[in-house]
Amino acid sequence: MANSSFEKVIEEKGELIYTNVGDSMYPLIRPRDLLVIKKPDLPLKRFDIPLYKRDSGQYVLHRIVKIKNGEYYICGDNRVGYERGITDSHIIGVLTDIVRNGEKISVYSFKNRVYARFWCGSMLLRRVVFRVRRVFGKK
């Protein structure tokens, strides 16, 4: 499916299912996971994972880590820098489920909510972990 049809599929069917590429949301999302993206209820909340379209036209699926004055601060779980300037007008859908090895995993499960608050709630913790991994040569 061409990326340009993401908006159309979500608008017509209410959801989009596609295969993950990239590692920016690892370990929550792994290569080849199927991602279930649904039409969003706006405004989104902290720790939601929107599919959004940057002004450049690039599609991205990252987590909301902060909301300020109607602007989302967004970051991949496997990244350390915020992306700012994302608003409701950029949002196409929101991740609700991951399908891995035939098993459906809710991103709103207790386990995933605890993970989001612990790992994504503190950019300082994340930076320390990434620095330690870099020093000891682990990716």
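Let us walk through this structure from its first helix to its cores, a pocket and one loop glycine. Keep in mind that the model is predicted.

We can begin with helix 1, which spans residues 6-13 and has Phe 6, Val 9 and Ile 10 buried. Those three residues cover an arc of only 95 degrees around the axis, which puts them on the same side of helix 1. A general rule helps here: an α-helix has 3.6 residues a turn, so residues three or four places apart point the same way. Now turn the helix around in your viewer. The face of helix 1 turned away from the buried side carries Lys 8, Glu 11 and Glu 12, which are exposed.

What do the buried residues of helix 1 pack against? Their partners are strand 1 (15-19), strand 2 (34-38), strand 3 (50-53), strand 4 (59-61) and strand 8 (91-100). After helix 1 comes Gly 14, with a positive phi near 85 degrees.

Next, look inside the protein. The largest nonpolar core has 28 residues, and Ile 37, Leu 51, Leu 61 and Leu 95 have the most contacts inside it. Helix 1, strand 1, strand 2, strand 4, strand 6, strand 8, helix 2 and helix 3 (123-135) each give two or more residues to this core. Helix 2 gives the most, with four residues.

Leu 61 is a good place to zoom in. Leaving aside neighbours within four places in sequence, Leu 61 is in contact with several residues, among them Tyr 18, Met 25, Leu 35, Ile 37, Leu 51 and Leu 95. There is also a second, separate core of nine residues, including Tyr 52, Ile 64, Ile 86 and Ile 91.

Helix 2 appears again when we turn to the second largest pocket. This pocket has a volume of about 280 Å³. Its lining is made of 15 residues, and Arg 46, Phe 47, Tyr 108, Arg 113 and Arg 117 lie nearest its centre. Which element gives the most to that lining? Helix 2 (residues 110-120) does, with six residues. Sorted by class, the lining has eight nonpolar, six charged and one polar residue.

Our last stop is Gly 81, found in the loop between strand 6 (71-75) and strand 7 (83-86). Is Gly 81 buried, exposed or partly exposed? Its relative accessibility is 40%, so Gly 81 counts as partly exposed. Not counting residues up to four places away in sequence, Gly 81 touches Ile 74 and Cys 75. Ser 56 is 25 residues from Gly 81 along the chain, and their C-alpha atoms are separated by 18 Å.

Note on methods:
Residues are numbered from 1 along each chain as its sequence is written. This is a predicted model: local features need pLDDT of at least 70, side-chain atom pairs count only at pLDDT 80 or more; totals for chains, interfaces and linings use all residues. Side-chain values use heavy atoms; hydrogens and water are left out. On a 1 Å grid over the protein atoms alone, a cavity is a set of points where a 1.4 Å probe fits but cannot get out, and a pocket is an open set with protein on both sides within 12 Å along at least five of seven lines; lining residues have an atom within 4 Å of a point. Grid points are joined across faces, edges and corners, and a volume is the space filled by probe spheres set on the points. Ala, Val, Leu, Ile, Met, Phe, Trp, Tyr, Cys and Pro count as nonpolar, Asp, Glu, Lys and Arg as charged, and the others, Gly among them, as polar. Buried means under 20% relative accessible area, exposed over 50%, partly exposed in between (1.4 Å probe, protein chains only). The arc is that of the directions from the helix axis to the C-beta atoms. Contact means heavy atoms within 4.5 Å. A nonpolar core is a set of buried Ala, Val, Leu, Ile, Met, Phe, Trp, Tyr and Cys residues joined through side-chain atoms within 4.5 Å.
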